[in-house]
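These are my notes from going through one structure. I wrote down what I looked up, in the order I looked it up.

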Amino acid sequence: SSGINAEYGGMKEALSILEPMINDPVNYVRQGALLASAMVLVQQNEHMCPKLKTFKDLFSKTMSDKHEDVMVKFGAILAQGIINAGGRNCTVSMRTQYGHTNVPSVVGLLVFTHTWFWFPLSHFLCLAFQPTYLIGLNKDLKMPVMKFKSCAKPSTYAYPPLLEPPKEKEKEKVSTAVLSTTAKKAAKSKSSSATPMEVDTPAAADKKAEEKKEEKKEENKEEKKE
C-alpha cells in the first residue's frame, strides 16, 4: 500500500517506512518492501532522490547473493524491472492523462498485490504502466522539428546510469606447495640418475680373472720357496 500511495514521487516518508521492512525476518515481507520501494523510486534519479543508488545497489546485491531466499530474490528482480520499466520512460499510475481513474490500472495493481501468493500474477502490473515520454506528430502523422526550452539543470531529468557488467579480475598465479617428503624423493631420484650403477663388461671381467690367477701363482711360488 505504501508503494501504491507514494508511486512516482520518491517520498522520503514512504522510504523511511519501507527501509526497516527490508531487514524483516519474514521473507514475503522483505519481498513486498523491495517491490514497494521500487514503485516509490520509479522515474527518479540521484539528483531528485539521493537514496536511489542505495536501493539499486541493494537490489543488485540481493539478486546475486547465493544464500538469499528465492522469494526475496524474486522481489529484487521485479523491483529492478519496475525501476527500469519502459526503458525508464514509464511510471505506475492509476489515473489517465485527464485525471480520471483508470480502471484497468486499478485492477492490475489490485491483482499484483497478490504476487506473493502466486508469482504469475506479477504480469498484471503492466496494466498500471503509463508512458511519460512526449511524441509530437503533425496532421500527416510525421514528427515535426520542435525545440523545448528547460531552465532546469540537465542532471535534474537525467537518466540514471546503466548497470555496468562485473569486471573480470585477473587470476593471480599461485605457487603450488611442495611437501618436504616430495622434495627428498626428488633429490634422491636426481642423485641416483647422476651416478649410474657400474656394470662390468666381458673384457673387464676377463682381465680381472687373469689378474687373480697371476696373484695366486705368485702366492704358490712364495710358499714353495719357504
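I started with Asn102, which sits in the loop between β1 (90-92) and α6. The model is a predicted one. I asked whether Asn102 is buried or exposed. Its relative accessibility is 14%, and the cut-off for buried is under 20%, so Asn102 counts as buried. I then listed what Asn102 touches, leaving aside neighbours within four places in sequence. The contacts are Met94, Arg95, Thr96 and Gln130.

Next entry: the nonpolar core. I looked up the largest one and found 27 residues in it. Leu34, Phe59 and Ile82 have the most contacts inside this core. I noted which elements give two or more residues to the core: α2 (12-21), α3 (27-41), α4 (52-64), α5 (70-83) and α6 (103-112). The largest share comes from α3, with eight residues. As background, I noted that nonpolar side chains tend to be buried together in soluble globular proteins.

I took Leu34 from that list and checked its neighbours. Not counting residues up to four places away in sequence, Leu34 touches Ile22, Leu58, Phe59, Thr62, Val72, Gly75, Ala76 and Ala79. Phe59 is thus on two of my lists, as a contact of Leu34 and among the residues with the most contacts inside the core.

I stayed with α3. How many of its 15 residues are buried? I counted 11, and α3 is mostly covered. The buried residues are Arg30, Gln31, Ala33, Leu34, Leu35, Ala36, Ser37, Ala38, Met39, Val40 and Leu41. I also checked the length: α3 reaches 21 Å from its first C-alpha to its last, close to the 21 Å expected at 1.5 Å a residue. After α3 comes Gln43, and I recorded a positive phi for it, near 65°.

Then salt bridges. I found three in the structure. In general, side chains of opposite charge can pair when their charged atoms come close.

The entry for Arg30 follows from the α3 list. Arg30 forms a salt bridge with Glu68, with the closest N and O atoms 3.0 Å apart. Arg30 lies in helix α3 and Glu68 in the loop between α4 and α5, so this pair ties together parts that are 38 residues apart in sequence. I checked burial for the pair, and both Arg30 and Glu68 are buried.

Glu19 pairs with Lys51, the closest N and O atoms being 2.8 Å apart. This pair also links distant parts of the chain: Glu19 is in helix α2 and Lys51 in the loop between α3 and α4, 32 residues apart. I looked up accessibility here too. Glu19 is partly exposed at a relative accessible area of 31%, and Lys51 is partly exposed at 35%.

Asp57 and Lys53 form a salt bridge at 3.1 Å, N to O. They are four residues apart in helix α4, so about one helical turn separates them. Asp57 counts as partly exposed at 41% relative accessibility, and Lys53 is partly exposed with a relative accessible area of 45%.

My last check was the surface. I found a nonpolar patch formed by Val26, Tyr28, Trp116, Phe117, Trp118 and Phe119. Together these residues have about 740 Å² of accessible area. I placed one of them, Trp118, in the loop between α6 and β2 (129-131).

Notes:
Residues are numbered from 1 along each chain as its sequence is written. This is a predicted model: local features need pLDDT of at least 70, side-chain atom pairs count only at pLDDT 80 or more; totals for chains, interfaces and linings use all residues. Side-chain values use heavy atoms; hydrogens and water are left out. A nonpolar core is a set of buried Ala, Val, Leu, Ile, Met, Phe, Trp, Tyr and Cys residues joined through side-chain atoms within 4.5 Å. Buried means under 20% relative accessible area, exposed over 50%, partly exposed in between (1.4 Å probe, protein chains only). Contact means heavy atoms within 4.5 Å. Patches are made of residues with over 30% relative accessible area and no salt bridge: like charges are joined within 9 Å, nonpolar side chains (Val, Leu, Ile, Met, Phe, Trp, Tyr) within 5 Å. Accessible areas come from the Shrake-Rupley method with a 1.4 Å probe; for residues, only the protein chains shown count as cover. A salt bridge is a side-chain nitrogen of Lys or Arg within 4 Å of a carboxyl oxygen of Asp or Glu. The expected span of a helix is 1.5 Å times one less than its number of residues.
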